[in-house]
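Q: Please take a close look at one part of this chain. I would like the residues around it as well.

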Amino acid sequence: SEPQDHVDEILAQWQRERPDLNVAPLGLYGRLLRIVHLSDDALTKGLAPYGLRPGWFDLLAALRRAGAPYELNPTQLMRATLLSSSGMTKRLDRMEAAGLIERRPDPHDRRGTLVRLTRRGKSVIDRAVETHVGNEERLLGALTAAERRTLDGLLKNLLIQLERAQRTS
């Protein structure tokens, strides 16, 4: 018999209780969400040695990917990290106190602010991203290279459709 996962148990229960219902979509989304949850836990633990709280990695990575001088305005950061305005402010306050970022007035917008990586922040993200990518590689180790390419293509197609639908709604 095939190995079973937690989602198989849920699907079997639904099949027993509601045999009239096609629960295949529930299975796909259940697995995607469970994979995200379990992976997020493992990846967060992998970043602990760098003193990064949950969510800090994404913000530091967005600034690092922006290229020199490694700065963005808060709106660009919210888009890159999918945070709300209040969530962003709290996170920036804590990261500034930790010496990872600095805020300064935007010379092109009197009301605006720019967020920039400090030397310490750049050093931390440069080391942490190497660890992070290594941990992602380890987590994907159960799949062959061909399986990874297939999964990546399928997920990309789904994501493109979902993003398109979100823009038009």
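A: The answer below starts with a nonpolar patch, then turns to a buried arginine and the chain around them.

This is a predicted model, in which local features need pLDDT of at least 70, side-chain atom pairs count only at pLDDT 80 or more, and totals for chains, interfaces and linings use all residues. Residues are numbered from 1 along each chain as its sequence is written, and side-chain values use heavy atoms, without hydrogens and water.

Leu28, Tyr29, Leu33, Leu158 and Leu162 make up a nonpolar patch on the surface. Together they have about 510 Å² of accessible area (Shrake-Rupley method, 1.4 Å probe, only the protein chains shown counting as cover for residues). Patch residues have over 30% relative accessible area and no salt bridge; nonpolar side chains (Val, Leu, Ile, Met, Phe, Trp, Tyr) are joined within 5 Å, like charges within 9 Å. Helix H2 (24-47) and helix H7 (145-168) each give two or more residues. H2 has the largest share, three residues. Helices here are DSSP runs of H or I, at least four residues, and strands are runs of E, at least two, numbered from the N terminus.

Leu33 lies in H2. Leu33 counts as exposed because its relative accessibility is 58% (exposed is over 50%, buried under 20%, partly exposed in between, with a 1.4 Å probe and protein chains only).

Arg91 sits in helix H5 (residues 85-97). Beyond its neighbours within four places in sequence, Arg91 contacts Pro54, Gly55, Trp56, Leu59 and Leu83 (heavy atoms within 4.5 Å).

The chain as a whole has seven helices and three strands. Of its 169 residues, 24% count as buried.

Technical notes. Salt bridge = Lys/Arg side-chain N within 4 Å of Asp/Glu carboxyl O.
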